[in-house]
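Good morning, everyone, and thank you for making room for this on the agenda. I would like to walk you through one structure, so please have a look at it while I talk.

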Amino acid sequence: MPTEEIRVRGTVQGVGFRPTVYRLAKACGLRGDVCNDGEGVLIRVSGSEEALTEFVARLQTECPPLAKINKLTRTPYEDELKFDNFVISTSVSNAIKTEITPDAATCPQCQKEIFDPFSRFYRYPFTNCTHCGPRLSIIRAIPYDRTNTSMSAFAICPECAKGYHDVENRRFHAQPVACHACGPSAWLERADGKSVTASMFSMLDDVDAVCTLLQKGEIVAIKGLGGIHLACDATQETVVQKLRQRKKRYHKPFALMARDIEIIEQYCTVNAKEKELLASSAAPIVLLQATGKKVALSIASGQNTLGFMLPYTPLHHLILRRMNRPIVLTSGNLADEPQCIDNDEAREKLGTIADYFLLHNREIINRVDDSVVRVLGDKVQTIRRARGYAPASISLPLGFHKVPQILAMGSELKNTFCLLREGKAILSQHLGDLENAAAFNAYQENLNLYLNLFEHQLEVIAIDKHPEYLSSKLGKELADTNKIKIYPIQHHHAHIAACMAENRISLDSPPILGIALDGLGYGDDSTLWGGEFLLADYRKFKRLATFKPVAMIGGEQAIYQPWRNTYAQLVAANLWNDCEQKYTDLEIVKFLKSKPLQLLNQLIDKKINSPPASSVGRLFDAVAAAIGIYRDECSYEGQAAIALEAIVDVSSLNNDKETLIYPFSFGFLDSIYCIDPRPMWQALLHDLQQQIPQTVIAAKFHQGLANVIVKMVQHLSQENLINQVALTGGVFQNCILLEQVSKRLQTLGIKVLTHSLIPTNDGGLSLGQAVIAAAQLIHES
């Protein structure tokens, strides 16, 4: 009788895969065993040819909800199988090649149990099974067994053990399985240290009491799955403002959570794809069009979208059971610091922000922020890839399957790092902005954890070319210490390569045209780039065109004071004299004349802390400030640009009338094409004088920018025989610009590549760095 060894690789541990194997093997009349090991799942099985064929086919079609089979191989097994039946064997530790499952939102069955008074999981805030619950957030090592997680601190009770060992049970080998009798517990405490008694609230328990506190206008720190959040009633402006002041997060939008879709629909328009995302096992924050009822004004000032998520743990479901309106659920941290994950750390850092704490005693091993996505057309756009998605691997295109183990260090802002091996890319969860010391320390901790979890042997390191990025400096240190090769990768080339890899463009494909628009990146000529047209493959690139470089007056200050960009643009366009003579009554001109212009001119002329940058991100800021949007100051990068997008008069879009499209011109800069915004500024100043509404000016700018990008593509495609264009970089988070450029290019018969699985911003940069390093290494060998 044939005997086979079946190796299954992919996301196959901690997801109920072995019970499925067991059930199917029994149904097919097979004997043998199945176990977890470092490579995934190993099955040794004996039976008739027909039974084996049926078994393998059903294994792929009846895969558990959270499982993902990347590869299944069958080989003859020569040794004798000493099994009379089919059994589940003990896990084996060997070389790590399997994957870690992302944390998964509470499944419908567990939801039902926590609200069922007759279930032993009734109101238990840590209920889970093989279809849901913590994974990455609690794991210390592979294989994913209880002993390798923070659940090792809790001895399993007889009742839970019964389900854990019952192959027909949904909790069979669910490593975090627990109940009131044996598992973690949650409790409520006051920030001022005074005792909390149930009689204060007359509620069912401490978790239920949180709902009452939120309704009364209190701020509560809630320890969840991958970190601690700060929560308050999203409809009470006073408490939302109080949270902003205490947290020192003055303008960035707050994320919201609501009990169910029905409540979200009272505040936003939700289409079918958005509903699917909200209710998925990843349960991300979904950016939705705000309509209907209003939340507190300062939730998302200057924006027309709200970021909503549904409860994704039993704890959240229980808190919101009686809550008929949304709550704020934002990271438990001071502005720009990493989210707190430890109880004592939370008491220390959040004690002046929160009024109460809902804590628990299950340790969070890995900090995991909430993911953020939006739907554009029929495609999902990932803005922040974290809980629910990371660290699921990304399959690489043809040609990348035999590369050494590469580590890519990522960027400075919105950082992720990437491990590359055996045709897979493992992208870390979002780690934040490394310019913050606490975030950089957390980055190093996560990097060490991933290297250990996946037993990743450093053979090659890829870094951003910017000499001052902390991630690049750390990469150089690691390369020196381990005496391995390092590849400095140009920022915008990495953006384009990430988009190519996500869209499965093969290693040996001909070059494509990549358009990378962002805040800034370090260019090959040691200047700052941010509006680039590159002819690129994975190995190399050629810069074909750019936007006219304009001084960033004051360096980083230009990011947070948009008026600096407006003045620099007007000076670069030789229009400031016109402003003083023809447009003296304009608000922006009066505002700028109140600034120390003589000093600013000296900074520009002498290039003192005012580097020229071809940044489209700063062009957006300049236009926003010119028409009165966050003119004086922003509290985070891109705030003015986001607000500019939000006010666009959409009725003016998709109209080819020249009067509704601002003009740009072409020129040359150091032998490459250059887009000059001078005509746009002339038209915009005229519109301001004519008191054209902000909404129309914003629409004309978006239309004009999309129009000139497409014209440049037409020109370059004829010269370089291009039929594919990649749109990437943080500026393409702007849905209007992305949609306008994509539609126009597709009308011309050009294939457009955009991001979906990974962010178009710097959160996807490490993937691009990794594949470029791999391609260059393959070429060298």
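I will go through a pocket, a helix, the cysteines, some backbone details and a few single residues.

Before that, a word on the basis: this is a predicted model, in which local features need pLDDT of at least 70 and side-chain atom pairs count only at pLDDT 80 or more, while totals for chains, interfaces and linings use all residues. Residues are numbered from 1 along each chain as its sequence is written, and side-chain values use heavy atoms, with hydrogens and water left out.

Let me begin with the second largest pocket. Rolling a probe the size of a water molecule over the atoms shows where empty space is left. By pocket I mean, on a 1 Å grid over the protein atoms alone, an open set of points where a 1.4 Å probe fits, with protein on both sides within 12 Å along at least five of seven lines, and lining residues are those with an atom within 4 Å of a point. The second largest pocket holds about 660 Å³ of space, where a volume is the space filled by probe spheres set on the grid points, which are joined across faces, edges and corners. Its lining is made up of 29 residues, and A282, G388, Y389, A392 and L757 are the closest to its centre. The elements that each supply at least two residues of this lining are α8 (272-278), β16 (379-384), β17 (394-395) and α13 (491-502); helices here are DSSP runs of H or I with at least four residues, strands are runs of E with at least two, and both are numbered from the N terminus. By type, the lining divides into 14 nonpolar, nine polar and six charged residues, with Ala, Val, Leu, Ile, Met, Phe, Trp, Tyr, Cys and Pro counted as nonpolar, Asp, Glu, Lys and Arg as charged, and the others, Gly among them, as polar.

Two of those elements, β16 and β17, are joined by a loop that contains P391, and the peptide bond leading into P391 from A390 is cis, with omega near 5 degrees.

Next comes helix α21, which runs over residues 678-689 and has 12 residues. From first C-alpha to last, α21 reaches 17 Å, close to the 16 Å expected at 1.5 Å a residue, the expected span being 1.5 Å times one less than the number of residues. Its buried residues (under 20% relative accessible area, against over 50% for exposed and in between for partly exposed, with a 1.4 Å probe and protein chains only) are P679, M680, W681, L684, L685, D687 and L688.

After α21, in the loop that leads to α22 (694-720), lies Q691, which has a positive phi of about 60 degrees although it is not a glycine. Q691 counts as exposed, at 70% relative accessibility. S671, in the loop between β28 (665-669) and β29 (672-676), also has a positive phi, near 75 degrees, and S671 is exposed, with a relative accessible area of 68%.

Now to the cysteines: how many disulfides does a search of the whole structure find? The search finds zero, a disulfide being a pair of cysteine sulfur atoms within 2.5 Å. The sulfur of C63 has its closest cysteine sulfur in C129, and C63 forms no such bond because that distance is 15 Å, too far. C634 is in no disulfide either, with the nearest cysteine sulfur, that of C735, 19 Å away. As for their surroundings, C63 is partly exposed at 23% relative accessibility, whereas C634 is buried at 6%.

I will finish with three single residues, taking contact to mean heavy atoms within 4.5 Å. T11, in strand β1 (residues 3-11), is buried at 4% relative accessibility, and, leaving aside neighbours within four places in sequence, T11 is in contact with L66, A67, K68, E99 and T101. T305, in strand β12 (residues 305-309), is buried with a relative accessible area of 12%, and with the same neighbours set aside its contacts are L288, Q289, A290, A300 and R374. Q60, in helix α2 (residues 49-61), is partly exposed at 47%; not counting residues up to four places away, Q60 touches I69 and L72, and the C-alpha atoms of Q60 and L72 are 9.1 Å apart.
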